[in-house]
Amino acid sequence: MTDSFTPVSLDTVCRVEFGPGRIGLLPELIADTGRHRAFVVTDPGLRAAGIAERVLKILDAAGVEYAVYDEVAPNPSTGNVDAGAARARAFGPAAVVALGGGSVLDAAKGISLLVGNPDAVAADADHLWEAADGLPLIAVPTTSGTGAETNGFGVIEDAAACRKVYIGHPSVKPRVALLDPELTLGLPPAATAATGIDALVHGIESLASRGADAFSMAYAGQAVAMIGRALPRAHRDGSDLDARAELMMGAHLAGQALTLSGLGLVHGIGHALTAHTGTPHGVALAAVLEEVMEFSAPAAQEAYEQTARALRVPPPADGDWARAAVAAVRELSGALDIKRPLRELGADRALLPAVAAGAVADAVTKNAPRLPREQEVLEILDAVL
């Protein structure tokens, strides 16, 4: 962790609208961007569940002209983003409304950016940080996990290269984060667990990150506390609005934290594992979370003490807060029934070296409190095979 009093410049908060029923503000929020038409990016599941239709009816009632791209995949690819951008270019000037989980929000950022750069394609992601501005974007998360509404970058899959790439630009940081917990009611337990674990990892890794500072730690500590309380309740009862609201705010704060601090090795491995096996992001993180914490503990004692205290762990008799934090996370993960051995996720021993190499090469891993060698990552993976 860097010194808390190191000089820092902050631009962390877009406009946030939080609370049940706030989705009704969408038409005026679109108008506030200076645009009067909407290009809605979503996925087939939200269309089938009726959530997208609920939002479109609000636009209809307000007379807002819109087009819909509802083909975002669970792990969006460069091709997915290119197709959405082509549809958005054909529709013309508009605000982009990203309605969905992290995959949709990430894809929408790429779509917004490519519309502002007509000659670009998503595979150019590494070279788009100094591109022209994209379309204004409003983020409407329907899960509580990714915190993607807090920043201007997305993670998408370059299927040809079998790797995750980061696509983003300051202009596609959402103008508004519209956080309506009613949109998450009824999310199935497995999806609640996977997205909730993602948010929890954001908090834990933000506390332990080499890029942590006083601001990110404040966000992250509160996020871990809120997620630790609310996630088991939301998992048990998908209709518990209070739990859904607390979990959504916790996930948002964790997103604010990671935007400042960066993440770490859990996400490095998770990205590589998903790229090679298609495993849902949160499930990939859960597969290695406690093991990476154990590996990192020698360099993350203070961060893991904060984690344990946020999770309301009693002071350990032996004073080993890091071990207590790992035990608390293991208990929470067990209650969610989310942890799976890698072989059940489609990884065999022959694949592990490629996953380890991808994890070490991932940009987020450079923020880890203990920087790993490929062989050390391979040992972690072997332990959870």
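These are my notes on helix packing, cavities and one pocket in this structure, which is a predicted model.

**Entry 1: α9 against α13**

I began with helix α9, residues 265-277, and helix α13, residues 352-361. Their axes come within 8 Å and cross at roughly 135 degrees. The two helices are therefore oblique to each other. I noted the hand of the crossing as well: α9 passes α13 in a right-handed one. On the α9 side, the contact is made by G268, I269, A272, L273 and H276. On the α13 side, A354, V355, G358 and A359 take part. Sorted by class, this contact has 6 nonpolar residues, 3 polar ones and no charged ones.

**Entry 2: α6 against α9**

Next I looked at where α9 meets α6. The axes of α6 and α9 are 9 Å apart, and the angle is about 140 degrees. I asked myself whether a pair at this angle is oblique or roughly antiparallel. The cut-off for roughly antiparallel is over 145 degrees, so α6 is oblique to α9. From α6, the residues in contact are D198, V201, H202 and E205. From α9, they are L265, V266 and H267. I sorted the residues of this contact into 3 nonpolar, 2 polar and 2 charged.

**Entry 3: α10 against α12**

The third pair I looked up was α10 and helix α12, the latter covering residues 321-336. They pack at about 175 degrees, with 9 Å between their axes. That angle makes α10 roughly antiparallel to α12. α10 brings L289, E290, M293 and E294 to the contact. α12 brings A325, V326, V329, R330 and S333. The classes come to 5 nonpolar, 1 polar and 3 charged residues.

**Entry 4: the largest cavity**

I then turned to enclosed space. How many cavities of 30 Å³ or more are there? I found 2. The largest cavity holds about 100 Å³ of space. It is lined by 15 residues, and those closest to its centre are E205, V266, V292, S296 and Y304. Two of these names were already in my notes: E205 and V266 are in the contact of α6 with α9. I also checked which helices take part in the lining. α6 (189-208), α9 and α10 (281-296) each supply at least two residues. By class, I have the lining as 12 nonpolar, 2 polar and 1 charged.

**Entry 5: the second largest cavity**

The second largest cavity has a volume of about 60 Å³. I listed its lining as P141, T143, S144, G145, T146, G147, E149, L179, M248, A251 and H252. Which helix gives the largest share of this lining? It is α8, residues 241-261, with 3 residues. The lining divides into 4 nonpolar, 6 polar and 1 charged.

**Entry 6: the second largest pocket**

Last, I looked at an open space, the second largest pocket, which has a volume of about 220 Å³. Of its 15 lining residues, R163, K164, V165, Y166 and D362 are the closest to its centre. I asked which elements each supply at least two residues of the lining, and they include β7, residues 163-168. Helices α9 and α13 each do so too. I had met this pair in my first entry, where their axes come within 8 Å. The pocket lining has 8 nonpolar, 3 polar and 4 charged residues.

**Entry 7: looking back**

I went over the notes for α9. This helix contacts α13 through residues including I269 and L273, and α6 through L265, V266 and H267. Helix α9 also supplies residues to the lining of the largest cavity and to that of the second largest pocket.

Terms used. Residues are numbered from 1 along each chain as its sequence is written. This is a predicted model: local features need pLDDT of at least 70, side-chain atom pairs count only at pLDDT 80 or more; totals for chains, interfaces and linings use all residues. Side-chain values use heavy atoms; hydrogens and water are left out. Axes are lines fitted to C-alpha atoms, for helices over the stretch in contact, and angles run from 0 to 180 degrees between N-to-C directions. Helices (H or I, at least four residues) and strands (E, at least two) are DSSP runs, numbered from the N terminus. Angles under 35 degrees count as roughly parallel, over 145 as roughly antiparallel, 65 to 115 as roughly perpendicular and the rest as oblique. A crossing is left-handed if the near helix is turned anticlockwise from the far one by less than a right angle, and right-handed if clockwise. Contact means heavy atoms within 4.5 Å. Ala, Val, Leu, Ile, Met, Phe, Trp, Tyr, Cys and Pro count as nonpolar, Asp, Glu, Lys and Arg as charged, and the others, Gly among them, as polar. On a 1 Å grid over the protein atoms alone, a cavity is a set of points where a 1.4 Å probe fits but cannot get out, and a pocket is an open set with protein on both sides within 12 Å along at least five of seven lines; lining residues have an atom within 4 Å of a point. Grid points are joined across faces, edges and corners, and a volume is the space filled by probe spheres set on the points.
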